[in-house]
Amino acid sequence: MPGNLNMPTPSNKAIDIDVVFLQDCTESQQPYIDTVRKYVKDAIPMIKSQADLKGGSARYRLIGFRDHKEQGCDWLVKLHDFTTDPSVLANQLEALIASGGGDGPEAQIDGLDAARRSPWRQTAKKIVILMTDSPPHGIGEPGDSVPVDHPEALTHEIILKSYNKNDIQLSVLACVPEITYYEKAEQFYQDLTQKTSGLYVPLPEPHINPEPMKRAIVGCVLHSTNSLRTTDRWEEWIKDQSDRGHDAIVNDIHSKLTQEGETCHKVSCTEHRGTNDVHYKLTDVNRDFVDAIVGKTLRLKTDMKANPHMYDEH
């Protein structure tokens, strides 16, 4: 039984989600852009049918990024408006041409900054899905040279704190094997997504099998919808109970959600015959799901208390 019975009750109010697809548009990404364009008309209806929005709505936005001018790119970030129409999104993807990129690291930080500044609806759960095969500038990748026109104050630490402050959940679809050729990229993205309660999903080359990409996109959006809805319910209670410790809070919430028959979408990655596959399914709520929410909430409370200036708007 839960150690504290004064727990928040489930909400039946409608849920809105705003999803930003943040797409690497450097030269190696054309097959991924083409595959997303081809399957986005299937993926969005799948999200609509499987996400429990309780009568709410979903909007989608595309943001493309390349690299800085000194790397030979003619643009840095390309923005599109939110839309509810899969055909509009497909047309936007069709207009993206992969080109340039120069060195290995690209302008992911600039893209993540553009995504966080999206015109989010006040009522919406905020979800960002980054697709890339390389690390960003500035994380210490061997041979990296931070572009001279990159704002000095714009760091991945600032991005992370802003995402958590504003309840934006980030998932990364990491193109393999290319991303594994870097020394720091995988660990960097795994840490970044874990700290926002999002997912890091290795994505195989689409010419081998395009289905994992569609499943990854749908699964990540469904996971984030569940996670952000659950965070809304429990965040203040977790903060109030923080002196009881992480494990005790997880035990109580997991027990309560299990009693209620709560479910969550689980995304899994498997390796078969040298390539990765991606699946998602609706399962009974598990401790890992609760653990991620509790951990993020407690870290945010501690960090905001220790570094209030870091949570000022930038």
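A disulfide is a pair of cysteine sulfur atoms within 2.5 Å. In the present structure, which is a predicted model, the number of disulfides is zero. The sulfur of Cys25 has its closest cysteine sulfur in Cys73, at 10 Å, and therefore no bond is formed between them, the separation being too far. Cys175 gives a similar picture: the closest cysteine sulfur to its own is that of Cys25, and the 12 Å between them is again too far for a bond. Cys25 is buried, with a relative accessibility of 0%. Cys175 is also buried, and its relative accessibility is 0%.

The overall form of the chain was examined next. The secondary structure consists of eight helices and eight strands. The C-alpha trace spans about 60 × 40 × 40 Å along the principal axes of the chain. For 314 residues, a compact globule would be expected to have a radius of gyration near 20 Å, and the 19 Å of the chain agrees with this. Of the 314 residues in the chain, 54% are buried. Among contacts with a sequence separation of 6 or more, 79% join residues that stand 24 or more positions apart.

The interior was then searched for enclosed space. Five cavities of 30 Å³ or more are found in the whole structure. The largest cavity holds about 90 Å³ of space. Its lining is made up of Phe21, Leu22, Gln23, Val36, Leu62, Leu89, Leu93, Ile129, Met131, Leu173 and Ile217. Two or more of the lining residues come from each of three elements, namely strand E1 (16–24), helix H2 (86–94) and strand E4 (124–132). The greatest share is that of E1, which gives three residues to the lining of the largest cavity. By residue class, this lining contains 10 nonpolar residues and one polar residue, while no charged residue takes part.

Several features of the backbone were noted in the loops. The peptide bond that leads from Val176 to Pro177 is cis, and its omega is near 10°. Pro177 belongs to the loop that joins strand E5 (168–175) to helix H5 (185–195). Asp167 is not a glycine, yet its phi is positive, at about 55°. Asp167 is located in the loop between helix H4 (156–165) and E5. With a relative accessible area of 24%, Asp167 is partly exposed. Ser197, likewise a residue other than glycine, has a positive phi near 70°. The loop that holds Ser197 runs between H5 and strand E6 (200–203). Ser197 is buried, since its relative accessibility is 4% and the cut-off for a buried residue is under 20%.

Two buried residues illustrate how parts of the chain that are separated in sequence are brought into contact. Ile15 is found in the segment before E1, and a relative accessible area of 5% makes this residue buried. Ile15 and Ala58 are 43 residues apart along the chain, and their C-alpha atoms are separated by 8.7 Å. When neighbours within four places in sequence are left aside, the contacts of Ile15 are with Asp52, Leu53, Gly56, Ser57, Lys125 and Arg229.

The second residue, Ser171, is part of strand E5. Ser171 counts as buried, at 1% relative accessibility. The C-alpha atom of Ser171 is separated by 12 Å from that of Thr225, a residue 54 positions away along the chain. Apart from residues up to four places away in sequence, Ser171 touches Val128, Ile129, Leu130, Thr193, Gly198, Leu199, Cys220 and Ser224. One of these contacts, Ile129, also appears in the lining of the largest cavity.

Methods
Residues numbered from 1 in each chain as written. Predicted model: local features only at pLDDT ≥ 70, side-chain atom pairs only at ≥ 80, totals over all residues. Heavy atoms only, no water. Buried < 20%, exposed > 50% of the residue type's maximum accessible area, 1.4 Å probe, protein only. 1 Å grid on protein atoms, 1.4 Å probe; cavity = no way out; pocket = protein on both sides within 12 Å on 5 of 7 lines; lining within 4 Å. Points joined across faces, edges and corners; volume = space filled by probe spheres on them. Helix = DSSP H or I, 4+ residues; strand = E, 2+ residues; numbered from the N terminus. Nonpolar A, V, L, I, M, F, W, Y, C, P; charged D, E, K, R; others polar. Rg over C-alpha atoms; globule rule 2.2 N^0.38 Å. Contact = heavy atoms within 4.5 Å.
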